[in-house]
Amino acid sequence: MGFLSFILMQLMAAYLVLVEPLLRANIYRNFKKQLPVDPHARLLYYRTQVLWELSWLVVLVLIVIPIPDPLNYLGLTLPNQVGWIISFALLGGIVLSVSLIRRNPNALENMRHSLETSAAVLPSTPAERKWFTIATITAGICEELLYRGFFLRYLRTVLPGWNWIVLALLSGIVYGLSRAYQGRKGILTTTLAGFSYAVIYILGGSLLPAMAFHILADLRTLFFWQPKEDKKKSR
């Protein structure tokens, strides 16, 4: 491993733990201030998220270039047999859950009600839905590469001999803290999600199933969310 790669690795790990939660909170705070006065605030927020998270890939490329088999280092390999089983099970579970909820008016209404707490960042127009989708796909890829592909490997290096479940939990906690601006509930749910993605990655032998599940789980919101304006029209 080259000197530059080593330094960037330490900086990236420190960034995830110390800087990312504060930076994300600051971006969200500015977004909330602009939302009532700027009709394009959501679009700017989504686009900022895309560019910001893609910038991580530049640093990750610089880190892994000197490393033998960089794709394998980041988990970008085909899943093992367990990974394929997990992938199909998760895909089937998401499709089934969406179908069942949409067919049950009470369940659909409860789901939409639960999404109200995140209404600020959810799309209201076709353009916003497009960029929300782009931002969601970008996040699913980049966050998995950063928090699982890179950071989980980093934890294995600096904490050799630690149980993989503990390392998966640690990576989930760091991921959860990046959503500190959402309060305790946001931290808890994101930590559990991050832990789940890490377990999928480790058991499946590939980051790809975790990426796919991450993307589909977030995109699932579009099947349920209905802006207030649309609700009034439907009545």
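## Trp 225 and its surroundings

Let's start with Trp 225, which sits in the loop between α9 (208-219) and α10. This is a predicted model, so everything here describes a computed structure. Is Trp 225 buried or exposed? Trp 225 counts as buried because its relative accessibility is 7%, and the cut-off for buried is under 20%.

Who are the neighbours? Setting aside residues up to four places away in sequence, Trp 225 touches Arg 112, Leu 115, Glu 116, Ala 119, Leu 122 and Pro 123. Pro 123 also takes part in a polar contact: its backbone oxygen is 3.0 Å from a polar atom of the Trp 225 side chain. Tyr 15 is another matter, with the two positions 210 residues apart in sequence and 33 Å between their C-alpha atoms.

## Leu 222, in the same loop

Leu 222 also belongs to the loop between α9 and α10. With a relative accessible area of 16%, Leu 222 is buried, because the limit is under 20%.

Which residues does Leu 222 meet, once neighbours within four places in sequence are left aside? They are Pro 123, Arg 129, Phe 132 and Thr 133. Pro 123 turns up among the contacts of Trp 225 as well. As for Phe 132, it is 90 residues from Leu 222 in sequence, yet the C-alpha atoms are 9.1 Å apart in space.

## How confident is the prediction?

For the protein chain, the mean pLDDT is 94, and 96% of the residues reach 70 or more. Which elements mark the two ends of the range? The lowest mean pLDDT, 52, belongs to helix α10 (residues 228-234), while helix α7 (residues 164-177) has the highest, at 97. Bear in mind that α10 is one of the two helices flanking the loop that holds Trp 225.

## The nonpolar core

Now for the inside. The largest nonpolar core has 59 residues, and those with the most contacts within it are Leu 16, Ile 63, Leu 146, Phe 150 and Phe 151. Two or more residues each come from α1 (3-34), α2 (41-64), α4 (81-103), α5 (105-115), α6 (126-158), α7, α8 (183-204) and α9. Which of them gives the largest share? That's α6, with eleven residues.

Phe 150 makes a good example to look at in the viewer. Not counting residues up to four places away in sequence, Phe 150 touches Met 9, Met 12, Ala 13, Leu 16, Leu 60, Ile 63, Leu 74 and Leu 145. Two of these partners, Leu 16 and Ile 63, are themselves on the list of residues with the most contacts inside the core.

## The largest pocket

How big is the largest pocket? Its volume is about 1,500 Å³. The lining is made up of 39 residues, with Ser 118, Gln 182, Thr 189, Asp 218 and Thr 221 lying nearest the centre.

Several helices share the job of lining this pocket: α1, α2, α4, α5, α6, α8 and α9 each supply at least two residues. The largest share comes from α8, which gives seven.

## Thr 190 on α8

Helix α8 also holds Thr 190. This threonine counts as buried because its relative accessibility is 10%, and buried means under 20%. Beyond residues up to four places away in sequence, Thr 190 touches Gly 172, Tyr 175, Gly 176, Arg 179 and Gln 182. Gln 182 is one of the residues nearest the centre of the largest pocket.

## Gln 49 and Thr 138

Gln 49 has its place in helix α2, and Thr 138 has its place in helix α6. Gln 49 is buried, at a relative accessible area of 10%, and Thr 138 is buried with a value of 10%. How far apart are Thr 138 and Gln 49? They are 89 residues apart in sequence and 8.5 Å apart in space, going from C-alpha to C-alpha.

Leaving aside neighbours within four places in sequence, Gln 49 is in contact with Arg 24 and Ile 27. On the same basis, Thr 138 is in contact with Val 50, Glu 53, Leu 54 and Glu 143. The side chain of Thr 138 also reaches the backbone oxygen of Ile 134, at 2.8 Å.

## An unusual backbone angle

One last stop is Asp 69, in the loop between α2 and α3 (70-73). What is worth noticing about its phi? Asp 69 has a positive phi of about 55°, although it is not a glycine. Most residues other than glycine have a negative phi.

Methods: Residues numbered from 1 in each chain as written. Predicted model: local features only at pLDDT ≥ 70, side-chain atom pairs only at ≥ 80, totals over all residues. Heavy atoms only, no water. pLDDT = per-residue confidence, 0-100. Helix = DSSP H or I, 4+ residues; strand = E, 2+ residues; numbered from the N terminus. Buried < 20%, exposed > 50% of the residue type's maximum accessible area, 1.4 Å probe, protein only. Contact = heavy atoms within 4.5 Å. Polar contact = N/O pair within 3.5 Å; in protein donor to acceptor, adjacent residues only side chain to side chain. Core = buried A, V, L, I, M, F, W, Y, C linked by side-chain atoms within 4.5 Å. 1 Å grid on protein atoms, 1.4 Å probe; cavity = no way out; pocket = protein on both sides within 12 Å on 5 of 7 lines; lining within 4 Å. Points joined across faces, edges and corners; volume = space filled by probe spheres on them.
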